[in-house]
Amino acid sequence: MAQTSQDQGAVGITDPDDDSPNMIAYRKIEEIITRLQDETEGVPVRTVKSFLSKIPSVVTGSDIVQWLMKNLNIEDPVEAIHIGSLIAAQGYIFPISDHVLTLKDDGTFYRFQAPYFWPSNCWEPENTDYAIYLCKRTMQNKTRLELADYEAENLARLQRAFARKWEFIFMQAEAQVKIDRKKDKTERKILDSQERAFWDVHRPVPGCVNTTEMDIRKCRRLKNPARVKKSVYGVVDDTHTQSPVHTPSQQINKDSKEDVEKEILFLNTQLDRHCMKMSKVAETLMSYTDQYLEYDPFLSVPDPSNPWIGDDVTFWEQEASKEPCQQRVKKWGFSLDEALKDPLGRDQFLKFLESEFSSENLLYWLAVQDLKCRPLQEVPARAQEIWQEFLAEGAPNAINLDSHSYERTSQNLKDPGRYSFEDAQDHIYKLMKSDSYPRFQRSNAYQDLLLARKKPETDQGRRTSLEKFTRSMGKSLTTKRLTGLMQSS
Amino acid sequence: MSELEQLRQEAEQLRHQIRDARKACSDSTLSQMTAGLDSVGRIQMRTRRTLRGHLAKIYAMHWGTDSRLLVSASQDGKLIIWDSYTTNKVMRRSSVVFSFILRYLSCCRFLDDGQIITSSGDTTCALWDIETGQQTTSFTGHTGDVMSLTVCPDSKAFVSGACDALAKLWDIRDGMCRQSFTGHVSDINAVCFFPNGNAFTTGSDDATCRLFDLRADQELMLYSHDNIICGITSVAFSKSGRLLLAGYDDFNCNVWDTLKGERAGINTCISFTLKSISALFQK
């Protein structure tokens, strides 16, 4: 095997500039592997006497698991096995008697892979190399080198595929066998197993995951695509034509003046932005998660039960029904957004606004939301309709806009688009949020639903007139006093 | 000094000022603020359903608004819509090819019934009008393949994550990049908004997830562990945002306490047929 002579050139010292997505993972694994192999702090690697021969340079699976648990501070052996299996799947350690690369927590023997074969060397071995490998295995009369079924099938397939250059492959295999024979018996045992483990990674047993398969989307970015793929056995394949490589069009950007000017513009807007204090941000996150905790099926048991645990789908049926449960009504009170998100909440809010004679605001808001979703062709016509209904002089549902927003909007309509009404919409939204919505939260209609005193389809008339009455008495009435008034009426 | 040099210096100065401004806002960290919070305890999850039917790797999936229907897309060229509760297939279609983009399409999200946002390997994102098939807006600025996007709950903006290790916030209306978030050291594969719409999480090949806040304009939390070696392929939040679920390249799904930054659970995908667990949250 040409391995030793190429050792110096191809040892897996990873290039820090290499941007292959897997490199970060390889570096971490290699760190662990180095520690595992440490003479004093690593696992005990020894030669084991077996039957008539000796098994050189092995360590048991359980030794590795124990070491991982101790040195990586892992409490659960399952986790240690998981990491160990990951390291094995990548080919850094391997079981000496199995093609399947996983770690077992028992007396199974494992060996370390030679750095020459490490995945960080970015091997992409060709089928010619694989053919040479399988071929040479059949030339050596050793039971431990016999081909497994799937390997025999692979060999047959390769013989058919490379029919015309099989003589070349055969010769290469013979050459490899000759080189191997010169090596010390023990050394050969180790090298043979390492070579086999290498192929177990790159040509895995059917049914095993091929860890060398990269995300198809990232394959394009492999470093140095024009590089000639190096052969495991140092074979220079002159019959392999170099196909033209598509060099990626995005070169390292040589910043032009425009690029930097654009960036300066961007940075200036960033600087102008008001940054919120971390403590405040943290508080809002905490209060949000706290408020919604009861709506999170992973943290609270849904009422009546989680449909995924057990067979009861009542929870979903409730969600779909017209009669909202208390928990759902409660959510409408969290924010205007929540009320508007839920169709039932929206209806209730609309009803409330009708009672206050300010429903045009919500109707406008809804119309503009709808406009934003319309197909482009329908937009101009729909925009006109919205103008006529809400903004034009004598509009049936006239909304109250300040003159500035009004001007802006009518300007926008000269070239109507999906976002022509957005500024006005924001204005109306803020109005509802600060004015109508808090009153909705305090309203009897909402409070009744919240406290499950009445169902949604009640007679609104009585409430409405009472509310008008109480409002005319002054806005300082609190809910309590309102309730008191109601009870007495 | 050439004009270009001067401009570069100006840009560098601005960057310093922005960094200082961010530091000035860092009166605390999220970990410090949540130190006294009760931990969520151990989150144990079990496989509730297995949906069989695809013939090759499943690259993406998404839930319907009813929290029962979901659609999955596979390398076998098929899209299947499932009733996840009964595991019945509702519909099976061959993927329709939209050949408007020259590189691969990494992610797409419906904005509404008529518009869809896509992210692509050509470093841009785009907003499309479905009926006319036209590109309404283009979002350029990333210098690496854009791998994923997440739409803000108010539908006015979205965040993209790319192989240039940046996450960017875009205004859907005018196509401008509003904010750019640094922190990751390798490709960002997945992004997801926090339910309040003011923060988002990212998952990267650097084996970490991070939480970024729009108003603080910086990273709030890092979710990582020495023993986590692989990159993250997908991320999602639970309904309250308290739990962050992340799918890893080693077939694990780790559950993180979003606020405290601790790991709350590990779920191993035993079957090897699913290579990436996409954002899988019921609404």
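**Loops, a sheet, a core and an interface**

Me: Between which two strands of chain B is the loop that holds Ser155(B)?

Reply: This is a predicted model, in which local features need pLDDT of at least 70, side-chain atom pairs count only at pLDDT 80 or more, and totals for chains, interfaces and linings use all residues, while side-chain values use heavy atoms, without hydrogens and water. Residues are numbered from 1 along each chain as its sequence is written, and chains are lettered from A and ligands numbered from 1 in the order in which they are written. Strands (E, at least two residues) and helices (H or I, at least four) are DSSP runs, numbered from the N terminus. By that numbering, the loop with Ser155(B) lies between strand E9 (146-151) and strand E10 (157-162).

Me: Is Ser155(B) buried, partly exposed or exposed?

Reply: Although Ser155(B) is not a glycine, its phi is positive, at about 60 degrees. Relative accessible area (1.4 Å probe, protein chains only) under 20% means buried, over 50% exposed, and in between partly exposed. With a value of 33%, Ser155(B) is therefore partly exposed.

Me: Which strands of the four-stranded open sheet in chain B stand at its edges?

Reply: Strands pair if DSSP finds at least two bridges between them, and here the order is E1-E2-E3-E4, with antiparallel pairing. Two of these strands have a single partner each, so one side of each is left without a neighbour in the sheet, and they are E1 (58-63) and E4 (88-94).

Me: Which members of the largest nonpolar core touch the most other members?

Reply: A nonpolar core is a set of buried Ala, Val, Leu, Ile, Met, Phe, Trp, Tyr and Cys residues joined through side-chain atoms within 4.5 Å. The largest one has 36 residues, and helices H14 (343-355) and H15 (359-373) of chain A are among those that each supply at least two of them. The members that touch the most others are Phe349(A), Leu362(A), Tyr364(A), Leu391(A), Phe421(A) and Met432(A).

Me: How many salt bridges are there between chain A and chain B?

Reply: Taking contact as heavy atoms within 4.5 Å, 75 residues of chain A are in contact with 96 residues of chain B. A salt bridge is a side-chain nitrogen of Lys or Arg within 4 Å of a carboxyl oxygen of Asp or Glu. One of them joins Asp129(B) and Arg418(A), whose closest N and O atoms are 2.9 Å apart. Between the two chains, the count of salt bridges is eight.
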